[in-house]
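Notebook open, structure loaded. I want to look at how the helices pack, then check a loop and a few overall numbers.

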Amino acid sequence: MSPRSSDWWYDEAAGPLVRPYALVSGRTRPTWGRLNLATQVRSIRTSTETGSLSVEHLEIIKLCRKPLSVAEVAAYLHAPLVVAKVLLSDLIQRGDVITSDPSRMATAPDLNLLQKVLDGVRAI
Amino acid sequence: MVSVQSDRLDSGQPREELLVPSSVKIVVAGGFGVGKTTMVGAVSEITPLRTEELLTEAGTQIDDLAGVEGKNTTTVALDFGRITINPEVVLYLFGTPGQDRFWFMWDELSYGAIGAVVLVDTRRLDGGFGAIDFFERRGIPFVVAVNCFEGGHSYSEDEVRHALDVGDNVPLVLCDARDRESCKTVLARVIEHAMSKLDHAVA
């Protein structure tokens, strides 16, 4: 244990941090690395074996029956982003959750998409 | 890994079950207390959500931690809203963390973004400098939106441009961050500006 480990599980603003990290067994890096804040995720209808999943995994599957962004999943779970990303990447690898095509995120939006967004913003 | 592209959806097809929309982002930046979350809330279809990123030793390769010695974990709060454009496209508005030491978050926030709003308050224009510099360096299209607080200033556009050192190539709009129509105009300017830059790039 490092000398600073007593601080490790506590943050002044957030309070005890034990629970978020316990949720992901201490993992701080998603196994599926292409999740951005705005990446859309959605659970698929076909249920796989869920016995090995945590309550939080199941909660995410439920939340994502409608498409949501990674940031929304984190907010609704009341979990830090990194925790949501780790849990989501578990589910993506199992095939329970699918994502929007990551290559789209990597390229700047094209004119056609921008026009749709512009029309959409004006229409709200 | 299964990935379903939205363009596979033909209208009326039962594949909608598997439709995963594309998302686009606009970043709302500016100094602390300038009204970023107010602006997000004015146009968002949901009450702005807050999510937190924990900065722990796993992420401390960032130099910005200098000055917060002795604290191994810290929380960066992000407020955001959403506008569903259509079943295939969702627009997210992300407010940047107010504190300068969280610059590293801006990279993820800006990644793939359409563009940005730099919201400024004429009483504290210096709060916008960092954001303007950030988006200029990365070539991200941005507009400067002057949040006109009641009982505040009345400076001309030229005066604000001069004070902020932004040229005519950067759109500048006066707005009221509490007003939905006003914020819609600001977002429209960001998108139009991004489109014009794209047009120039193609031409």
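I went straight to the contact between H4(A) and H5(A). On the H4(A) side I listed A:Val70, A:Ala71, A:Val73, A:Ala74 and A:Leu77, and these meet A:Leu81, A:Ala84, A:Lys85 and A:Leu88 in H5(A). Sorted by class, that contact has eight nonpolar residues, one charged and no polar ones. Worth keeping in mind that this is a predicted model.

Next, the geometry of that pair. I noted that two packed helices are described by the angle between their axes and the distance between the axes. Helix H4 covers residues 70–77 of chain A, and its axis comes within 9 Å of that of H5(A), crossing at roughly 110 degrees. The range for roughly perpendicular is 65 to 115 degrees, so I wrote down H4(A) and H5(A) as roughly perpendicular to each other. The handedness of the crossing came out as right-handed.

Then I looked up a second partner of H5(A). Helix H3 (residues 55–63) of chain A packs against helix H5 (residues 81–94) of chain A at an angle of about 75 degrees, and their axes are 10 Å apart. That makes H3(A) roughly perpendicular to H5(A) as well. From H3(A) I have A:Glu56, A:His57, A:Ile60 and A:Ile61, which meet A:Leu87, A:Leu88, A:Asp90 and A:Leu91 in H5(A). The class split here is five nonpolar, one polar and two charged. I spotted A:Leu88 in the contact with H3(A) and again in the contact with H4(A).

Off to a loop. Is A:Ser25 buried or exposed? I found A:Ser25 in the loop between helix H2 (18–23) and strand E3 (40–43) of chain A. I counted 8 other C-beta atoms within 10 Å of A:Ser25, and a residue with 12 or fewer is exposed, so A:Ser25 is exposed. I also took a distance from there: the C-alpha atoms of A:Ser25 and A:Leu35 are separated by 19 Å, with the two residues ten apart along the chain.

Last, the whole chain. I tallied seven helices and five strands in chain A. Reading along the sequence, I get the pattern α-β-β-α-β-α-β-α-α-β-α-α. Chain A has 124 residues, and 43% of them count as buried. For contacts in chain A with a separation of 6 or more, I logged 68% as coming from residues 24 or more positions apart.

Conventions: Residues numbered from 1 in each chain as written. Chains lettered and ligands numbered in written order. Predicted model: local features only at pLDDT ≥ 70, side-chain atom pairs only at ≥ 80, totals over all residues. Axes fitted to C-alpha atoms, helices over the stretch in contact; angles between N-to-C directions. Helix = DSSP H or I, 4+ residues; strand = E, 2+ residues; numbered from the N terminus. Parallel < 35°, antiparallel > 145°, perpendicular 65-115°, else oblique. Contact = placed C-beta atoms within 7 Å. Nonpolar A, V, L, I, M, F, W, Y, C, P; charged D, E, K, R; others polar. Buried ≥ 20, exposed ≤ 12 C-beta atoms within 10 Å, placed from the backbone. Left-handed = near helix turned anticlockwise from the far one by under 90°.
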